Amino acid sequence: MLLDVSTIHAQQVTLNSLVQNILYASGIVGAILVVVGLLLIDAGTARRRNLFNSTIEKTLGFFLGFATYYIIGFGLWAGQYYIMEGATMMDSIKDWWLGGALTNAMAHHTDPGTFPGLNTFQIFIFFLAVFAGIINILLHFAVSERMKASAYFITCIVATVVSSGLSWATWGSVGPLTNAGFHDFFGVGFVYLFPAGMALVFTPKLGARPGMMAPHPRISAYLAPSIGLCAPGLLLIFAGLPMVILSCLFFFDPEALAVSITMADTSVGIAINNYALVWAGGAVTGLLIAYTTGKYAYTLLGPLAGYVAGASGFDVYLPWQAFVVGLVAPFAAYAVYEFTLKRGIDEHKLFPLFLGSGIFGLVMLGLFKAGTPRGGYFGIEDGAYAFQHGEISLVMQLAGTAVCIGAGVVTALVLSFVLERTVGLRVSEDDQIDGLDSKNWDLEPDVVTHADSAQRA
């Protein structure tokens with residue numbers, strides 16, 4: 001069938017719309033750089049005998065979440081805008097599941113009266129699907145080297161569906177919690193707190209890895225292959241996220257008017273500089289803690305702690321406020337990290353960064369920016385979805401935080417109950433010691449570490 005140019009809907013393919021398409025596509029590139037950075041951090045910290053297995057499980061978990069999001073996840077998130085217009089969640093799912101009418105429509109063949117800006121919305125599926133995969137990568141950091149692959153892959157699919165529903169409630173501008181006053185610009189709740197809530201259940205069930213918290217008869221210590229890989233991974237994440245920030249903005253007429261995903265008043269320059277300053281503040285404090293304590297972990301946790309704490313408010317902070325949040329956040333991560341170490345809890349990433357700095361940041365946002373108008377949708381002047389009718393409040397920040405962590409806890413409780421009675425949950429201690437590269441892939445490391453040589457003693 002030949003294209004008849006005279007019948008196309010030219011409003012869907014203007015130069016202005018192409019600029020927005022490119023902008024949101026750049027957010028996808030930034031998110032993929034984050035994935036690469038996370039895999040580099042994992043490659044630097046996983047035990048050598050589990051290195052390939054750990055990396056490939058994260059990669060496959062990412063794509064399971066990615067594919068699941070295309071199948072059902074986006075329809076759940078977009079449901080908030082359908083409900084705003086008087087339609088239903090099921091209408092959204094019908095339009096936006098993998099076989100849905102709008103997922104498969106060409107923008108220039110679609111009447112803008114039916115759905116304007118279709119190309120941008122379709123690109124947003126890809127963008128959010130990457131974050132669905134990132135959630136699974138983050139969860140794997142908490143269960144790496146000790147959760148059975150089958151259990152993890154099942155968890156990835158379920159976690160994607162639940163986190164998609166959670167994003168409907170907590171990330172956007174007209175979801176129920178967001179519309180009521182919960183403010184989370186960068187998805188800290190459904191991307192970071194949700195897997196941390198799952199880790200609260202899985203970590204004690206899986207137990208500590210042999211040699212991690214104390215010497216083991218067969219492994220004298222848990223040795224990471226190359227901590228130096230973590231720094232390039234950290235910088236890749238730093239490099240990728242500014243493009244993601246741009247994709248968390250809506251742009252309205254006049255053509256470059258930026259409004260945050262929460263409908264808060266913001267600007268591109270302020271949001272980007274807030275991002276820069278929370279990293280810088282976290283890095284400064286992390287440096288001081290690391291050199292004071294002699295623990296290298298805080299050189300990495302510091303800038304990440306600043307970022308996680310500030311992420312929920314990149315759109316509404318003033319730059320000096322963002323810098324203060326970044327400076328203080330590593331102390332929250334430090335408190336949680338030391339608490340878990342003293343109690344032999346083998347989880348050193350999600351708990352200090354997300355349950356420490358993430359919660360700290362959401363609470364600080366409720367204190368610093370209480371009363372800031374946001375919520376609703378641009379152009380709506382009255383009613384439940386009036387533009388900026390809602391205000392940030394400490395109570396709603398606490399409520400949203402509890403919902404996001406609680407969703408993770410409940411999901412993991414149900415999954416662990418089912419998995420323990422079916423495919424199993426935990427890799428045996430002997431298999432952990434011998435290494436999953438050897439067990440699953442018949443791969444042996446190129447060197448034998450001092451810790452592994454204890455097996456031959």
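Is Thr340 buried or exposed? With a relative accessibility of just 2%, Thr340 counts as buried. That residue gets its own view further down, after a look at the whole chain. Keep in mind throughout that this is a predicted model.

**Figure 1. The whole chain, with its 15 helices and four strands.**
Start here to get your bearings. The radius of gyration is 23 Å, close to the 23 Å that the globule rule gives for 457 residues, so the chain is as compact as a globular protein of that length. Measured out along its principal axes, the C-alpha trace spans about 80 × 55 × 35 Å. Of the 457 residues, 54% count as buried. Take the contacts between residues at least 6 apart in sequence: 78% of them join residues at least 24 apart.

**Figure 2. The outside of the chain and its charges.**
About 18000 Å² of the chain is exposed, and carbon and sulfur atoms supply 69% of that area. As for charges, the chain has 20 positive and 29 negative ones. Average the positions of each kind, and the two mean positions turn out to be 16 Å apart.

**Figure 3. Asp346, in the loop between helices H11 and H12.**
Helix H11 covers 319–342 and helix H12 covers 350–368, with Asp346 in the loop between them. Asp346 counts as buried because its relative accessibility is 2%, and the cut-off for buried is under 20%. Look for Arg209 here: its side chain makes a polar contact with the side chain of Asp346, at 2.9 Å. Setting aside neighbours within four places in sequence, Asp346 is also in contact with other residues, among them Arg146, Thr203, Gly207 and Ala208. Met212 and Met213 are on that contact list too.

**Figure 4. Thr340, a buried residue in helix H11.**
Here is the residue from the opening question. Thr340 sits in helix H11, and its 2% relative accessibility is why it counts as buried. Which residues does Thr340 touch, not counting those up to four places away in sequence? They are Ile345, Glu347 and Phe351.

**Figure 5. Glu145, a residue with positive phi in the loop between H4 and H5.**
Glu145 is not a glycine, yet its phi is positive, at about 75 degrees. You'll find Glu145 in the loop that runs between helix H4 (118–143) and helix H5 (149–170). Its relative accessible area is 4%, so Glu145 is buried.

**Figure 6. Asp442, a residue with positive phi after helix H15.**
Asp442 also isn't a glycine, and its phi is positive, at about 55 degrees. Helix H15 covers 436–441, and Asp442 lies in the segment after it. Is Asp442 buried or exposed? Its relative accessible area is 66%, so Asp442 is exposed.

**Figure 7. Ala101, in the loop between helices H3 and H4.**
Helix H3 covers 89–96, and Ala101 is found in the loop between H3 and H4. Ala101 is exposed, because its relative accessible area is 53%. Apart from neighbours within four places in sequence, Ala101 is in contact with Lys94 and Asp95. How many residues apart in sequence are Ala101 and Gly302? They are 201 residues apart, and in space they are 46 Å apart, C-alpha to C-alpha.

Note on methods: Residues numbered from 1 in each chain as written. Predicted model: local features only at pLDDT ≥ 70, side-chain atom pairs only at ≥ 80, totals over all residues. Heavy atoms only, no water. Helix = DSSP H or I, 4+ residues; strand = E, 2+ residues; numbered from the N terminus. Rg over C-alpha atoms; globule rule 2.2 N^0.38 Å. Buried < 20%, exposed > 50% of the residue type's maximum accessible area, 1.4 Å probe, protein only. Contact = heavy atoms within 4.5 Å. Areas by Shrake-Rupley, 256 points an atom, 1.4 Å probe, with all protein chains shown as cover. Lys, Arg positive; Asp, Glu negative; His and termini not counted. Charge placed at Lys NZ, Arg CZ, Asp CG, Glu CD. Polar contact = N/O pair within 3.5 Å; in protein donor to acceptor, adjacent residues only side chain to side chain.
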